[in-house]
Structures are given as C-alpha cells and as structure tokens.
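Reader: I would like a close look at one residue and its surroundings, along with some sense of how far the model can be trusted.

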Amino acid sequence: MRFQLKLLPAAALFSVALGCGDGGTGPADGGDGPRLAAQFERLADSVAEAGYSPTAEALRHAAEVVRLTGHATPVNLTIDGAARSFLAVAEQLDFPLLECVWPADSGVVVPPDKGVVVPDSVVPVPAPTEAAPAECTPAGTHSMRTLIAWEPEHMAEVVRIVADLGSAGVQTGVPDVMTGLPTSEPSGGGDAPTVPGDSGGGFTGYPGFMGEYLVRDVGSWWAVEGTQENALESAGGGCTADRTTFDWAELTCEAARFRFGFSMRVEALRYEPLAIWAPGNEPPSGGAEGTHTLALPSTAVDGVRLTVVGWSPPPLPPPGPLPPDSTVVHP
C-alpha cells in the first residue's frame, strides 16, 4: 500500500538546535543577538500563557533569526500617525517542495481475506520508523520573506510581515512561515516570473502578505488591507552559526540585507486562554480592540537567508480506526 503526500520541510517550527559554525564570519559571541533573543523568548512564553500559541511560536522563530543575525537594525515606523523608533531584523526562507512516498507497510493492515472488513479487523499500524523512512524528491522551490520589528525598551510592541517575494497586497491564506511552513503544494503551482533585480526566485503560489501588530499583555491586530514591497539587496558573509536545524529540516545560513516597506490597516483579534466558560462566567475583560494604521518607508534591514539543504521528513501519522458503522470492501 503506497501513501503519497506533498509537503514542505517544517523549517519554521521552533524546536531549534544550533550547529557549531566553522565557516561563518559573524561575531563570535553573537553580538547583541543573545540578549535580544532572550527577550523574544520571554515574550513568547507570556503570549503562550495567554492562550495564543501560533504567535508564541512566531516569536520564538524571531528569537532564532535575531540570534543568527547577531544584531538589529534601527527603523522608523509610523503607528496611527506617530513616528516611532523600532529595531528590526529580516529573513528569507528558501525551501524545496517535497513529494514524498511512504513504504507499503506504513498504512493500515488489512486481513488476508477479500471480503468485508469489520471495524475490529482494521488495525492502525505504527508510523514508519527510521528503518522505513519516506522517500522524498524535490518538486519545485519556494521562497518567502519576513520582517520583524519591535519597540526596543520593553519589547511591548512587535510588528511582523510575512510576504511572498516582491510587491503585493494583503491576502488571506498567506501562510505564516514563522509558525510553520504549509504542508501542501500552493494551489497556484508552476514557475513564477523572475522578480527583476532579485535573486530569490522560485515559484509563487501564495502571492500577497499577512501582517500582525502585537501589543504585549493586550492582544493582536491583523492586516486587513494594505501593500508591501520587499527585495534582497545583498547576501553573503557569515551568520553567528553557519547551519541551523529546525525540527526535521537542516538549513544553511548566510548574512543578508533586505529592503522592506509597507502600509497597512490592522483590525483586532481577540484571544483568551482556551477554556470552557461555566454558565454565568464571563471571559476576561480587555484585549485588543479597534483598528490601527502602520507604515514603514522603504528601509534596508539586516537579517539572514536560510536555505534548506537536508531533511528527514516526519513519518506519516497512523490512520485512526474506522467509525463503528464503517465497512471497507476490497475486491
């Protein structure tokens, strides 16, 4: 029995193990990166406790980008018409689309008879182990860029942009690659036109961008309209480590400089801890409300370019049992 699944390396998941870099030219002590990364990790813990784990994962990813960059770039944002001084880093993720096939013994065991299989005869089999890994081959490439900017004194405000290469407007369905890369091929698959003056390339199946404005201990606002533009200005030189491993994807890291600019209007997203509220009990008051407008003029920002160079894909999850009234007929 063969199972096929198209998926991408989960390069943006955040169980991170840094490799020792012997070819990098970044600062040996990581510059200011470790301190800034620790701030992001504390903020991630705080957001996770508030019950919104995706943003917490994004903040942990931001911590790793800061750590690899080793420093941050001062930028000037405008929030609701007021000029603000923030710090920022940027990132480009280059990853292959993988088409994977699992071995025949990774599915459901079916009894040798060819009649109707009753539910008790359907036995989930443990997923493939290292002895029977999936066979994966690249089926195209994709790149996405992120910008992370934050209020420097207390990291009380964080702005994130996740975008396809080049210029685009706000779109729903753009994956947040800071929380995890999508596990299926973009619906707009195929070769994309080359972005003039850009070396990112690949095919674009997610044209557009998503944006988040996070205020600590309050909540998040998400982009509902606006535009952004980004470009890779230069790449080369060392990160604070020349390789990093995110979950089951190994990536090389090189220092890079990007140009980002955006203007967006964001609306509130309320989130509270996951709970079932008893009758008569009300969820906590407060939280994100209203809308904000944010803008960044075209600005050069230092960061990293991460390229997937190796992967050991996760096993296919074992199938669950059939519903009580289900039968499967095999010829």
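Author: What follows takes one glutamate, then a hairpin, then the confidence values. This is a predicted model, in which local features need pLDDT of at least 70 and side-chain atom pairs count only at pLDDT 80 or more, while totals for chains, interfaces and linings use all residues. Residues are numbered from 1 along each chain as its sequence is written, and side-chain values use heavy atoms, with hydrogens and water left out.

Glutamate 212 is part of strand β11, residues 209-215 (strands are DSSP runs of E, at least two residues, numbered from the N terminus). Glutamate 212 counts as buried because its relative accessibility is 1% (buried means under 20% relative accessible area, with a 1.4 Å probe and protein chains only). Its side chain makes polar contacts with the side chains of threonine 55, at 2.9 Å, and arginine 160, at 2.8 Å (a polar contact is a pair of N or O atoms within 3.5 Å; within protein, one must be able to donate a hydrogen and the other to accept it, and residues adjacent in sequence count only if both atoms are side-chain atoms). Beyond four places in sequence, the residues in contact with glutamate 212 include Val158, Trp221 and Met264 (contact means heavy atoms within 4.5 Å).

Strands β8 (residues 135-150) and β9 (residues 157-163) pair in the antiparallel sense over six bridges (pairing requires at least two DSSP bridges). Arginine 145 stands opposite alanine 163 in β9.

The protein chain has an average pLDDT of 73, and 61% of the residues score at least 70 (pLDDT is the predictor's confidence in each residue, from 0 to 100). Over residues 1-29 the pLDDT is below 50.

Terms used: Helix = DSSP H or I, 4+ residues; strand = E, 2+ residues; numbered from the N terminus. Buried < 20%, exposed > 50% of the residue type's maximum accessible area, 1.4 Å probe, protein only.
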